[in-house]
Amino acid sequence: MAARGCALEAVPLPPEVRESLAELELELSEGDITQKGYEKKRAKLLACYIPLLQGVDPSLQAENRVSGPAQTSAAAPKQQKLRPANSRDERFRSDVHTEAVQAALAKYKERKMPMPSKRRSVLVHSSVETYTPPDTSSASEDEGSLRRPGRLTSTPLQSHSNIEPWLDRVIQGSSTSSSASSTSSHPGGRPAAAPSAAATATLTGPAAHAHIGVPVSSRVSSKIQQLLNTLKRPKRPPLKEFFVDDFEELLEVQQPDPNQPKPEGSQMVVLKGEPLAMGIPWPPSLLAALQRWGTTQPKAPCLTALDTAGKAVYTLTYGKLWSRSLKLAYTLLNKLTSKNEPLLNPGDRVALVFPNSDPVMFMVAFYGCLLAELVPVPIEVPLTRKDAGSQQVGFLLGSCGVTLALTTDACQKGLPKAQTGEVATFKGWPPLAWLVIDGKHLTKPPKDWHPQAQDAGAGTAYIEYKTSKEGSTVGVTVSHASLLAQCRALTQACGYSEAETLTNVLDFKRDAGLWHGVLTSVMNRMHVISIPYALMKVNPLSWIQKVCSYKARAALVKSRDMHWSLLAQRGQRDVSLSSLRMLIVADGANPWSISSCDAFLNVFQSRGLRPEVICPCATSPEALTVAIRRPPDLGGPPPRKAVLSMNGLSFGVIRVDTEEKLSVLTVQDVGQVLPGADVCVVKVEGAPYLCKTDEVGEICVHSSATGTAYYGLLGITKSVFETVPLTAGGAPVSERPFTRTGLLGFVGPDDLVFVVGKLDGLMVVGVRRHNADDVVATALAVEPMKFVYRGR
């Protein structure tokens with residue numbers, strides 16, 4: 001362009017020709033005419049002056065223009081090639097164009113007309129919302145190109161440090177944008193301040209013409225106006241578009257539907273469970289019960305382990321449990337040293353790493369730690385060095401200060417190894433020493449050695465892990481006093497007696513499997529048949545077969561086990577469940593468990609199963625056992641079902657509906673609260689005010705048989721384990737704190753507890769609440785067998 005300008009510079013062209021050339025230049029730059037048309041019209045304009053240009057190189061007359069995108073056209077139909085960010089389009093530096101623009105300025109100055117448009121300065125904007133932060137995207141994007149809203153490639157809010165520099169420039173008025181030198185005036189108003197000569201002199205290329213904002217002629221006027229309007233568009237979305245979600249939440253607050261159902265009942269009162277039985281010679285602690293049975297009934301069976309073929313591979317007697325636990329306690333306290341100092345001290349935490357197929361060694365390790373006044377922390381066996389959940393388990397072990405892990409020889413051989421042959425360090429885990437506790441590795445204590453006698457006190461007995469919906473793992477501490485109270489309450493609620501047989505399908509390391517199959521069973525000298533889940537996968541009917549062969553009085557299952565056994569029972573005619581007095585359904589609080597319970601009863605009622613035997617229960621890692629249904633012979637009311645409107649539940653309101661609809665949720669009761677416990681239901685959001693009788697809320701429990709804290713996490717411990725429910729007037733309902741269970745439900749007729757979901761599964765959409773369990777329950781209601789079978 002400079003060469004062409006110089007060539008024409010030597011020829012005295014009339015002003016009207018120069019004006020036409022400028023218009024032609026702009027039409028070509030805007031893509032209104034083709035290169036060929038441009039050359040044709042240009043040649044026609046200069047036909048009279050061609051003799052004067054004979055000495056000029058023809059290549060300068062028909063110069064190939066620099067290819068580039070129609071950067072300033074909003075309506076460019078084709079995607080053009082990008083030009084380098086630091087290049088400047090030479091077309092707009094034509095002296096012809098400059099003279100034409102100067103002539104138009106003079107013409108408008110004489111007519112004293114207001115400028116047709118303006119490009120406002122950053123300083124004119126009163127709101128930071130419309131200012132855009134500096135682009136952090138790749139430099140391959142042309143700086144002058146238009147930024148489309150859907151093509152943002154950067155994260156505008158990576159940190160506050162990314163925002164502050166440009167925000168400061170807005171506030172201080174130090175923007176380097178050329179828009180700060182606008183010279184336009186408001187139509188009908190006073191003109192804006194003119195820029196300094198120096199500022200004007202720096203404007204070249206498209207920006208200069210845009211700020212001038214004046215057309216050369218009526219034909220060029222529309223072109224420059226279009227150019228100006230294009231340049232006025234922000235290259236990037238305005239600031240508020242970066243925060244569109246937050247703005248929608250702030251501005252579009254949903255108003256409650258005036259027709260939505262609202263709770264109409266009276267305020268509920270705290271529900272008190274039956275008192276703990278008095279006059280029963282309870283042992284002073286669980287360890288005292290173990291010592292009693294281990295010394296007076298050493299040959300009584302305590303635990304029978306099965307292999308994956310269903311055969312009993314080992315039966316642990318109470319005498320063996322006592323003697324082997326003593327050996328382990330003595331070894332832990334006296335044979336583990338580091339620099340001539342004991343490796344462990346009373347109160348230290350120890351990890352228990354045992355597979356689900358080895359309940360015997362787990363039981364020895366658990367009671368060995370209790371006898372040594374150590375705190376067992378049962379965890380799952382890590383499968384790989386970078387197991388998905390190992391980092392969260394490592395956080396739990398680190399926060400508990402665990403330095404020692406107990407395991408078996410077989411389990412240790414299966415763990416990943418480092419190059420040195422030792423157990424590998426798992427991702428996120430603290431450094432651990434590993435101790436194999438098989439018999440040959442333990443030391444028999446001297447006859448005069450006895451563990452420290454301890455009563456059930458406030459000290460921590462064990463720590464049970466809990467995984468939240470976000471994947472974080474925390475440890476719930478259970479004191480010796482809580483452990484003993486839980487065993488007593490379960491013994492009374494379930495009517496356990498000495499030498500009863502319990503068939504357990506659940507994980508014996510935590511939750512109901514631990515509380516019934518490892519703790520309460522020892523207090524009552526029960527015999528537990530522990531069925532590994534590997535056996536259940538091979539033979540889903542195995543737990544029923546063991547109930548028959550051992551004449552078990554109680555069985556501990558989940559609704560999945562009942563369902564699988566239904567699919568496998570065809571052709572089995574020699575099974576009988578007449579010996580069962582309690583079939584405890586550990587996940588009976590899940591809304592979908594009712595379909596499994598009903599289907600199981602329909603099939604096995606003809607094989608000796610009585611309807612009152614099925615006993616759903618509700619549990620929580622924080623509150624342990626919350627409620628359990630009791631057979632009529634233990635004083636329990638008849639079971640109940642509730643057919644509830646899903647629409648009402650979405651507003652947290654209980655409305656009875658008809659069973660024929662698919663828009664209902666049918667739930668079963670989970671029985672009465674445990675003996676010695678107080679229960680209330682509080683509102684889910686805000687302060688813990690008591691709910692009304694027809695309102696869904698979070699169930700809270702006050703009992704001596706609950707967890708005491710999240711280990712090492714004082715903040716969330718206070719909000720969960722030290723809740724003080726309030727009446728509508730704001731008065732506390734009790735001087736004693738309650739524990740939040742994380743269960744959503746209500747108290748129904750006969751003081752029966754109903755659970756409709758969990759706080760972890762709560763989904764809030766607008767002002768309505770849904771629960772992940774409801775989705776499953778709805779699917780099962782439509783096609784129970786097909787959905788359950790394929791879903792599993």
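# A tour of the nine-stranded sheet and its surroundings

Start by selecting strand 17: five of its five residues are buried, so the strand is largely enclosed by the rest of the structure. Keep in mind as you look around that this is a predicted model.

**Around strand 17**

With strand 17 (624-628) still highlighted, add strand 16, residues 614-620. Strands 16 and 17 run antiparallel and are joined by four bridges. To see one of these pairings, pick T619 and then its bridge partner in strand 17, T625. The connection between strand 16 and strand 17 is a hairpin of three residues.

Now add strand 20 (672-673). Two bridges join strand 17 to strand 20, and this pair also runs antiparallel. Select A627 and you can find its bridge partner in strand 20, V673.

**Zooming out to the whole sheet**

In what order do the strands of the open sheet come? Colour the nine of them in the order 3-2-13-12-14-15-16-17-20, and you will see an open sheet with mixed pairing. Strand 3 (312-317) and strand 20 stand at its edges; each has a single partner strand, so one side of each is left without a neighbour in the sheet.

**Into strand 15**

Next, select strand 15, residues 582-585. M582 and I584 point to one side, L583 and V585 point to the other, and all of these residues are buried. Strand 15 has parallel pairing with strand 14 (residues 554-557), over four bridges. Showing A554 together with M582 gives you two residues that stand opposite each other in this pairing. Strand 15 also pairs with strand 16 in the parallel sense, here over three bridges. For that pairing, show I584 and, opposite it in strand 16, C615.

Which helix lies across strand 15 and strand 17? Bring up helix 17 (residues 480-494), which lies across both and runs at about 20 degrees to strand 17.

**Helix 14 and L303**

Move along to helix 14, residues 359-371. Helix 14 lies across strand 2 (301-306), strand 3 and strand 13 (527-530), and its direction makes an angle of about 140 degrees with strand 2.

A good residue to centre on here is L303, which sits in strand 2. Is L303 buried or exposed? Its relative accessible area is 3%, under the 20% cut-off, so L303 counts as buried. Beyond its neighbours within four places in sequence, L303 is in contact with Y314, T315, L316, P359, V360, M363, H527, V528 and S530. Try a distance label between the C-alpha atoms of L303 and P359: these residues are 56 apart in sequence, yet 8.1 Å apart in space.

**Helix 14 against helix 18**

Keep helix 14 on screen and add helix 18, residues 511-523. The two helices pack at an angle of about 60 degrees, and their axes are 12 Å apart. Helix 14 and helix 18 are therefore oblique to each other. The way helix 14 passes helix 18 is a right-handed crossing.

Show side chains for F362, M363, F366 and Y367 in helix 14; these meet L514, G517, V518, L519, S521 and V522 in helix 18. By type, the residues of this contact are eight nonpolar, two polar and no charged. M363 is also one of the contacts of L303, so you can keep it selected as a link back to the previous stop.

**A separate stop: strand 19**

Finally, select strand 19, residues 664-668. Five of its five residues are buried, so strand 19 is largely enclosed by the rest of the structure. V664, T666 and Q668 lie on one side, L665 and V667 on the other, and both faces are covered. Add strand 18 (residues 641-645), which pairs with strand 19 in the antiparallel sense over five bridges. S645 and V664 stand opposite each other there.

**The full view**

Reset the view to show everything. The secondary structure of the protein chain comes to 26 helices and 27 strands. Of its 792 residues, 49% count as buried. If you draw a contact map, consider the contacts between residues at least 6 apart in sequence: 74% of these join residues at least 24 apart.

Terms used
Residues are numbered from 1 along each chain as its sequence is written. This is a predicted model: local features need pLDDT of at least 70, side-chain atom pairs count only at pLDDT 80 or more; totals for chains, interfaces and linings use all residues. Side-chain values use heavy atoms; hydrogens and water are left out. Axes are lines fitted to C-alpha atoms, for helices over the stretch in contact, and angles run from 0 to 180 degrees between N-to-C directions. Angles under 35 degrees count as roughly parallel, over 145 as roughly antiparallel, 65 to 115 as roughly perpendicular and the rest as oblique. A crossing is left-handed if the near helix is turned anticlockwise from the far one by less than a right angle, and right-handed if clockwise. Contact means heavy atoms within 4.5 Å. Ala, Val, Leu, Ile, Met, Phe, Trp, Tyr, Cys and Pro count as nonpolar, Asp, Glu, Lys and Arg as charged, and the others, Gly among them, as polar. Buried means under 20% relative accessible area, exposed over 50%, partly exposed in between (1.4 Å probe, protein chains only). Two strands pair if DSSP finds at least two bridges between them.
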